[in-house]
Amino acid sequence: MKRMLLTLLLTPLFAAAAFAHDPRIEAKVDDLLARMNLAEKVGQLNQLNGGYATGTQDGRRIDLEESVRSGIIGSFLNIVDLDYQKSLQKIAVEESRLGIPLLYAHDVIHGYRTIFPIPLAEAASWDLEAIERSARIAAIEASASGLHWTFAPMVDIARDPRWGRVMEGAGEDTYLGSRIAEARVHGFQGDDLSRSDTIIACAKHFAGYGAAEGGRDYNTVDVSERVMREVYLPPFHAAVNAGVATLMNAFNVLDRMPASGNKFLVKQVLKGEWNFQGFVVSDWNSFGEMVIHGVAEDNREAAKLAIAAGSDMDMESKAYFDYLGELVSKGEIPEEWVDDAVRRVLRVKYELGMFDDPYKYIDPARKEKVTLSDEHLQAAREVARESIVLLKNEGGLLPLKKNIEKIAVIGQLADSKKFEDMMGSWPAQGKNEEVVTPLEGVKAKVSTQTVVTYEPGCRDHGVCPPELIDRAALAAAEADCVILVVGENGDMSGESKSRAHIGLPGDQLDLVKAVVKAGKPVVMVLMTGRPLVLDWCAEHVPAIVNAWQLGTMGGHAIADVLFGDYNPSGKLPISFPAAVGQIPVYYNHLNTGRPRPPQDVPYVSKYIDCPNEPLYPFGYGLSYTTYEYSAPRLNAETININHTLTVSVDVKNTGSVMGDEVVQLYIRDLVGSVAQPVKELRGFDKIHLNPGESKTVEFTLDSGDLAFWTEDMKFQPEPGEFEVFVGTSSSDCKKARFTLE
Ligand code: NOJ
């Protein structure tokens, strides 16, 4: 039965952006803008690469110093050398006509020099404070190295682990992704952009990039407006409401129009409905790629499409550089469009305090003091161990005792200081030689009597010659226990690193089989930038620890968990498929008209050769202790749209060690004007419990938590029956029911 829609339109999606007008800054922007000529205006919208390339290059040589002097460049990316930054900045402020400072940008994705876990790993901590602290520290180090702007956070929801960039986001869930987006924006930007240790953030890639067909990077995206608004856009909106200063266009098309020229995305939703006051930068040559997409004849037309859509700054395509002025002078676009874009860029430069002191970020003494400080390294170790997810622990094999007589550590990844193996993609200025490997972590942890042997078993990228496997198997046989570190090298995930086969790369499964055959207790430590298909391992290896790529302090964090100095508390932010053929597999799917019942029957939605469920679902992660959940209690069985619902649950630590548990709350709207997911995360809380201790966790749901994009595309809740689930993972919950009147 179709239900009556509530008339109230919910406000949060249309609230004013937090990056708001400051009248004093607006007056300064207006004054400066009035003094700029057209070339100088266009100049503020040009961003060029001044360091190593993080995209394709057209080989064209531009005299950077001369261009800065003439005021036709507003920003650089990838210049990290303080002296070079200073010399170009000096030309900009002292030798250009209006002295407008340059904005320096860089991909500071998970740390600058102290490298934190990859963002997907950090999301597994479900610890918003720790995630914010990680971004804060990245900003402290980056700002001391002359940078004003990071191209982070990536807030793309990703349901396809073949996509190499899953490592860079917060996983498959919109609610978790939105909370993490806010935390990261706060971390980078702090409360006051004019401080010299805060940098502007950039929510990217706007939008839908994570939905690339087949998980192949840069590929076509084709999702409905409803799915866009419900799944992919909310983390961007959360970032905007958290005050993010910039957004970056995505590379993909949406509804056949590349995101950089997509009026619906930029003009209508971002700048219209969300009232975003910051600016939008293209991705690397994404304006130019509109020609290759086939929607513009040449860069001139691409520039026209981009400015018409509301994209403000051009990274590296040079389409604005070459044609924007001409388009205005020939009357093909109104100058007001350019003025609006320039106003947004200047606003940010004033907010950063760059006109007061353009050199304040270029501070060698501060750089020396803060970079890789003990405090930063300690924070990196803490968030790294919180990011680890215990996937399997048969017979309580873990934690290991520190005084085992002989431990064999096996695997190329156990002691690798290359390919960013410990750091993962986007290591910014992190250095391989500064990382702590798992082998080093284990050696630093065990008793002085313990003998630790090491065999790589394989070469890089899973090339495992038989003689290396034999030596590894022998070392396993001679030890009391084996720590086997396998997975992806650091250069196997990230941008343009899609994989069609997402099992253990190369011959590593042969190594695992040989080591398990040696008959000793085996703990498998997985290092990876994405969920992998672990079929044989999941069945035959007694303990599996998913350690992702944990950054500079990864080896210590892994040892902390393996030897029980930290009780693992991470929960998967993305499902681990049972087989590649299930992808996309995610917890908040629709029910279909023929959901599979527990018994095996034909003509239902299922595979005949594989379960429907992933191997390890969203929200899953084990601990060295056990928790007991009460049934959820509700303060009312019926609420109306003005009421809130309180859901409480008692959680008890029933084991013998203390632990941190992520208590998760999901809802289901049983009948809607359009089909609703079988479960959707709407709250979580990470609590600490001593052995025997019990705590009551309380969640409050309001009508916004129950809303969705209805049949006629209004974001609102509909009256009817709901289920609420509370538990330890998306697949292990207790439920209750309530009615919305
Ligand atoms: C391309 C990537 O898609 C984007 O995320 C990154 O910020 C730019 N290159 C700059 O390196």
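These are my notebook entries on domains, salt bridges, backbone geometry and a few single residues in a predicted model.

**Entry 1: domains**

I began with the division of the chain, and found domain 1 given as 31-51 + 65-106 + 201-351, domain 2 as 108-174 + 363-624, and domain 3 as 627-740. I then turned to domain 2 and domain 3, whose centres, taken over C-alpha atoms, are separated by 29 Å. To the contact between these two, domain 2 contributes 21 residues and domain 3 contributes 23 residues.

I looked up the area next, and noted that domain 2 and domain 3 bury about 1700 Å² between them, with 58% of it on carbon and sulfur atoms. Which three residues supply more than any others of the area that domain 2 buries against domain 3? I found Trp126, Lys571 and Tyr587, which supply 34% of that area.

**Entry 2: polar features of the same interface**

Searching across the interface of domain 2 and domain 3, I recorded 2 salt bridges. I also checked the pair of lysine 571 and glutamate 661, whose side chains form a salt bridge with an N to O distance of 3.3 Å. Lysine 571 had already appeared in my notes as one of the three residues that supply 34% of the area domain 2 buries against domain 3.

For polar contacts I noted 10 residue pairs between domain 2 and domain 3. Sorting the side of domain 2 that touches domain 3 by class, I have 9 nonpolar, 8 polar and 4 charged residues.

**Entry 3: salt bridges in the whole structure**

I reminded myself that side chains of opposite charge can pair when their charged atoms come close. My search of the whole structure gave 54 salt bridges, and I followed several of them individually.

I took arginine 133 and glutamate 382 to start with, a salt bridge in which the closest N and O atoms are 3.8 Å apart. Arginine 133 belongs to helix H6 (residues 128-143) and glutamate 382 to helix H16 (residues 374-387), so this pair ties together parts that are 249 residues apart in sequence. Both ends fall in the intermediate class of accessibility: arginine 133 is partly exposed at 35%, and glutamate 382 is partly exposed at 28%.

Helix H16 came up again with arginine 385, whose side chain meets that of aspartate 560 in a salt bridge of 3.0 Å, N to O. Because aspartate 560 lies in helix H21 and arginine 385 in helix H16, the pair ties together parts that are 175 residues apart in sequence. Is aspartate 560 buried or exposed? I put it down as buried, because its relative accessibility is 1% and the cut-off for that class is under 20%.

I also looked at glutamate 723 and lysine 735, whose side chains meet in a salt bridge at 3.3 Å, N to O. Here glutamate 723 is in strand E26 (residues 720-729) and lysine 735 in strand E27 (residues 732-740), 12 residues apart. Glutamate 723 has 9% relative accessibility and therefore counts as buried. I closed this entry with a network, in which salt bridges that share partners join Arg381, Arg385, Lys402, Lys445, Asp560 and Asp565.

**Entry 4: backbone geometry**

As background, most residues other than glycine have a negative phi, and most peptide bonds are trans. Where are cis peptide bonds found? I noted one that joins phenylalanine 206 and alanine 207, with omega about -5°, and another that joins isoleucine 583 and proline 584, with omega about 5°. Alanine 207 sits in the loop between strand E5 (202-206) and helix H8 (225-232), while proline 584 sits in the loop between H21 and E17.

For positive phi, I looked up arginine 256, where phi is near 70°. Arginine 256 lies in the loop between strand E7 (253-254) and strand E8 (257-258), and counts as exposed at 73% relative accessibility. Glutamate 420 has a phi near 55° and is found in the loop between strand E12 (406-410) and helix H17 (438-445). With a relative accessible area of 28%, glutamate 420 is partly exposed.

**Entry 5: two single residues**

I finished with serine 178 and isoleucine 608. Serine 178 is in helix H7 (residues 174-189) and counts as buried, at 4% relative accessibility. Neighbours within four places in sequence aside, serine 178 is in contact with Pro234, Pro235 and Ala238.

Isoleucine 608 is in the loop between helix H21 (554-562) and strand E17 (627-629), and counts as exposed at 84% relative accessibility. I also recorded that isoleucine 608 and glutamate 172 are 436 residues apart in sequence and 26 Å apart in space, C-alpha to C-alpha.

Conventions
Residues numbered from 1 in each chain as written. Predicted model: local features only at pLDDT ≥ 70, side-chain atom pairs only at ≥ 80, totals over all residues. Heavy atoms only, no water. Domains from an automatic or database assignment. Contact = heavy atoms within 4.5 Å. Buried area = accessible area lost by both parts, 1.4 Å probe. Salt bridge = Lys/Arg side-chain N within 4 Å of Asp/Glu carboxyl O. Polar contact = N/O pair within 3.5 Å; in protein donor to acceptor, adjacent residues only side chain to side chain. Nonpolar A, V, L, I, M, F, W, Y, C, P; charged D, E, K, R; others polar. Helix = DSSP H or I, 4+ residues; strand = E, 2+ residues; numbered from the N terminus. Buried < 20%, exposed > 50% of the residue type's maximum accessible area, 1.4 Å probe, protein only.
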